[in-house]
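Q: I would like a close look at a single part of this model, taken slowly and with its surroundings kept in view. Please go through it in one connected answer.

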Amino acid sequence: MSVPVSILDLATVARDQSVADALAGTVALAQTAEQTGYQRVWYAEHHNMAAIASSATSVLIAHVAAHTSSIRLGAGGVMLPNHSPLQIAEQFGTLETLHPGRIDLGLGRAPGTDQNTMHALRRNATSSDTFPEDVLELQAYLRGESRIPDVAAYPGTGTNVPLYILGSSLYGAGLAAALGLPYAFASHFAPAALHDAIALYRREFKPSEQLDKPHLMAAFNVIAADDQADAERQQLEVMRTRVALLVRPGTKYTDEQADQILASPQGAHLRGMMTYSAAGTPDIVQKQVTEFVETTGIDELIVAHQSPRVEQRLKSAEMFADVFLG
């Protein structure tokens with residue numbers, strides 16, 4: 001497989017793990033990715049989710065960048081309607097100034113949370129309506145070409161941090177094509193529109209100052225392990241954790257209760273979200289991932305190593321690299 005391979009790290013916090021230990025694992029995963037040949041590591045903005053520790057995305061990137069030396073790091077992504085374009089330009093301009101040539105900025109328009117948390121973020125239901133204009137305003141700050149008179153991003157102006165559009169629908173594909181930006185599809189949890197989005201992005205892409213031809217990225221869940229049964233046990237543990245998406249925040253549940261929910265129609269929807277997943281020994285993972293890359297024709301693969309524990313994710317990342325990057 002000749003395409004570059006990157007990692008999406010959700011900074012997952014296991015049910016019996018501290019946030020500090022989870023963040024230490026995030027650093028270790030980035031160091032492993034740097035040593036084994038991955039292209040980049042991205043972190044996603046989520047809020048009010050106890051199992052995900054990447055809510056302060058730019059802060060996490062800064063911390064990981066200080067503990068690595070060469071791998072590209074970025075947001076996959078920042079949910080721009082939660083912020084002002086100027087603030088994000090300042091944050092990522094600072095990161096680029098501190099770590100030149102290593103910073104990416106992926107942008108999404110979803111809230112990354114529930115409605116109550118949207119209110120806590122001071123975001124309303126119409127915040128995403130100006131997403132295209134906000135992307136252009138942010139891009140202008142980073143280029144030193146502010147669209148607002150007498151306002152510039154310090155630091156940030158002239159840093160030209162590369163932008164990426166993230167999405168799980170045709171909307172993001174169309175916007176990325178119109179703006180001539182790379183497009184990353186969230187197929188690791190929203191697989192339905194993948195092929196239609198790919199076709200739209202390629203068909204409508206217009207070259208830009210940043211990009212002269214389409215650059216398409218798509219995500220795939222991976223759990224690689226020495227033993228097939230162990231990989232499947234890990235996958236079941238991950239699915240049980242994801243049941244938290246279907247219940248009230250903070251609700252405690254047993255494994256047996258989780259299995260009952262997973263067997264329900266709601267559980268079927270949750271399993272469907274994980275359509276593009278491989279769990280098994282390296283040869284099993286290699287076969288499924290290679291088929292995905294060849295079928296989609298993507299230019300870059302983003303792997304979400306979904307093992308529930310840090311040491312398992314590190315092992316999965318190493319085994320995957322041995323197969324695809326060695």
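Which residue in β9 is the bridge partner of I7?

A: The bridge partner of I7 in β9 is V303, and this pair is a useful place to enter the strand, with the caution that the model is a predicted one. Strand β9 covers residues 300-305, and its pairing with strand β1, residues 5-9, is parallel and runs over three bridges.

β9 also pairs with β7: six bridges join these two strands, which again run parallel. Within β9, I302 stands opposite A219, while V303 is the residue that partners I7.

Turning to how far the strand is covered, six of the six residues of β9 are buried, where buried means under 20% relative accessible area. In a regular strand the side chains alternate between the two faces of the sheet. In β9 one side carries E300, I302 and A304, the other carries L301, V303 and H305, and the residues of both sides are all buried. I302, opposite A219, and V303, the partner of I7, thus belong to opposite faces of the strand, and both of those faces are covered.

The partner strand β7 leads on to the cavities of the model, of which there are two of 30 Å³ or more. The largest has a volume of about 40 Å³, and β7 (216-224), α8 (228-242) and β8 (277-280) each supply at least two residues of its lining. That lining consists of N221, I223, Q235, V238, M274, S277, A278 and Q306, and by class it holds four nonpolar, four polar and no charged residues.

The second largest cavity has a volume of about 30 Å³ and is lined by A224, P282, V285, Q286, M319, F320, V323 and F324. Here α11 (282-296) and α12 (310-324) each supply at least two lining residues, and α12 gives the most, with four. The lining of this second cavity divides into seven nonpolar residues, one polar and no charged.

Taken together, the view from β9 is of a strand that pairs in parallel with β1 and with β7 and is buried on both faces, while β7 in turn contributes to the lining of the largest cavity.

Notes
Residues numbered from 1 in each chain as written. Predicted model: local features only at pLDDT ≥ 70, side-chain atom pairs only at ≥ 80, totals over all residues. Heavy atoms only, no water. 1 Å grid on protein atoms, 1.4 Å probe; cavity = no way out; pocket = protein on both sides within 12 Å on 5 of 7 lines; lining within 4 Å. Points joined across faces, edges and corners; volume = space filled by probe spheres on them. Nonpolar A, V, L, I, M, F, W, Y, C, P; charged D, E, K, R; others polar. Buried < 20%, exposed > 50% of the residue type's maximum accessible area, 1.4 Å probe, protein only. Pairing = 2+ DSSP bridges.
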